[in-house]
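Please read the sequence and the model side by side, moving from the whole chain to a single sheet and then to a single residue.

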Amino acid sequence: MRLAVIADLHANLEATLAVHEDLRRRDIKELWVLGDIVGKGPRPREVLQWVQQHASRTVQGNWDARVAGVTNRPQDLWPRSRLSAPELRYLAELPFGIEEQFGGAWWRFVHASSKGVFHRLYPHSSLHEQLEAFAPQPHLGLHEYADALVYADIHETLMLDVEGRPLINCGSVGNPLDSTLPSYLILEFAETGPSYSAQFVRLTYNRDAEIAAAEQSGMPFTREYIAELLTGAYQKRRARGEGTG
């Protein structure tokens with residue numbers, strides 16, 4: 001079985017379409033999305049509809065929850081105004097995580113961590129906190145002690161060994177912050193036995209077209225979004241008295 005794992009699309013349609021073409025070229029049919037479909041970028045509806053059409057399974061990200069109604073920042077209200085009531089309900093009702101067995105091992109897939117969509121797990125988090133990420137969280141629908149954890153949220157590709165348990169971050173498609181190039185993860189599981197392989201993929205995409213779409217959108221924090229696409233460096237968003245262009 002070959003499984004593509006993508007996350008943090010952030011309404012970046014051009015990067016999303018580049019991933020789509022790469023998946024088609026590799027003939028990968030199984031696609032799981034680990035949240036943050038919307039937010040930051042200029043085309044939330046188009047990217048959300050792409051996910052609904054092509055993803056086999058999807059979990060909720062923190063931006064999905066925010067845009068669906070959890071918070072009311074300018075960067076939440078703008079994409080919310082572009083989505084229909086059914087689309088917002090889809091975001092609000094996405095599951096927290098996925099647990100599946102591959103080769104006799106329990107694999108867990110979440111957005112930010114096993115503790116919640118707003119609880120961040122960093123590469124420099126303590127060993128205790130990293131080990132806790134594999135523990136059951138029944139109130140969030142995570143009932144197994146995970147043998148491997150795949151997550152997103154920090155926008156950086158990552159593969160760590162946590163006392164024999166793989167901790168893997170798939171990186172970001174639409175808003176990478178460890179590069180200017182989108183990334184995603186391919187997992188391949190043996191038909192028999194516990195073996196697996198993991199491959200990170202980096203892609204170029206039509207960044208100029210994405211920047212043009214952002215400039216024409218009227219969305220807040222356009223300047224910060226474009227700077228992140230050009231540099232791969234996080235830009236803090238603060239409301240300005242003179243506007244949010």
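The paragraphs below begin with the overall fold and end with one loop residue.

The model is predicted, and its protein chain comprises 245 residues, for which a compact globule would have a radius of gyration near 18 Å; the value for this chain is 17 Å, which agrees with that expectation. Along the principal axes, the C-alpha atoms fill a box of roughly 55 × 40 × 35 Å. Of the 245 residues, 53% are buried, and, among the contacts with a separation of 6 or more, 65% are made by residues that lie 24 or more positions apart in the sequence. The secondary structure of the chain amounts to eight helices and ten strands.

An unreviewed UniProt entry carries the annotation "domain: Calcineurin-like phosphoesterase", which that record assigns to residues 1-190. Over this stretch, helix accounts for 30% of the chain and strand for 24%, while the C-alpha atoms at the two ends of residues 1-190 are 7 Å apart.

Within the fold, five strands make up an open sheet whose order is β4-β5-β6-β8-β7, with mixed pairing. Its edges are formed by β4, residues 97-102, and β7, residues 157-162, each of which pairs on one side only. Between neighbouring strands of this sheet the average turn is 15°, with direction ignored. In general, the strands of a sheet pair through backbone hydrogen bonds, in either a parallel or an antiparallel manner. The edge strand β7 offers an example of the antiparallel sense, since it pairs in that way with β8, residues 165-170, over six bridges. Within this pairing, Asp161 has Pro166 of β8 as its bridge partner.

Where, then, does Thr71 lie with respect to α3 and α4? Thr71 is found in the loop between α3, which spans residues 62-70, and α4, which spans residues 74-82. Is Thr71 buried or exposed? Its relative accessible area is 18%, and because a residue counts as buried when this value is under 20%, Thr71 is classed as buried. When the neighbours within four places in sequence are left aside, Thr71 is in contact with Arg66, Asp76 and Arg80. With Arg66 there is also a polar contact, in which the side chains of Thr71 and Arg66 are joined at 3.2 Å.

Key
Residues are numbered from 1 along each chain as its sequence is written. This is a predicted model: local features need pLDDT of at least 70, side-chain atom pairs count only at pLDDT 80 or more; totals for chains, interfaces and linings use all residues. Side-chain values use heavy atoms; hydrogens and water are left out. Two strands pair if DSSP finds at least two bridges between them. Helices (H or I, at least four residues) and strands (E, at least two) are DSSP runs, numbered from the N terminus. Axes are lines fitted to C-alpha atoms, for helices over the stretch in contact, and angles run from 0 to 180 degrees between N-to-C directions. UniProt positions are given in the numbering used here, feature names are shortened, and annotations may be inferred rather than shown by experiment. Buried means under 20% relative accessible area, exposed over 50%, partly exposed in between (1.4 Å probe, protein chains only). A polar contact is a pair of N or O atoms within 3.5 Å; within protein, one must be able to donate a hydrogen and the other to accept it, and residues adjacent in sequence count only if both atoms are side-chain atoms. Contact means heavy atoms within 4.5 Å. The radius of gyration is taken over C-alpha atoms; the globule rule is 2.2 Å times the number of residues to the power 0.38.
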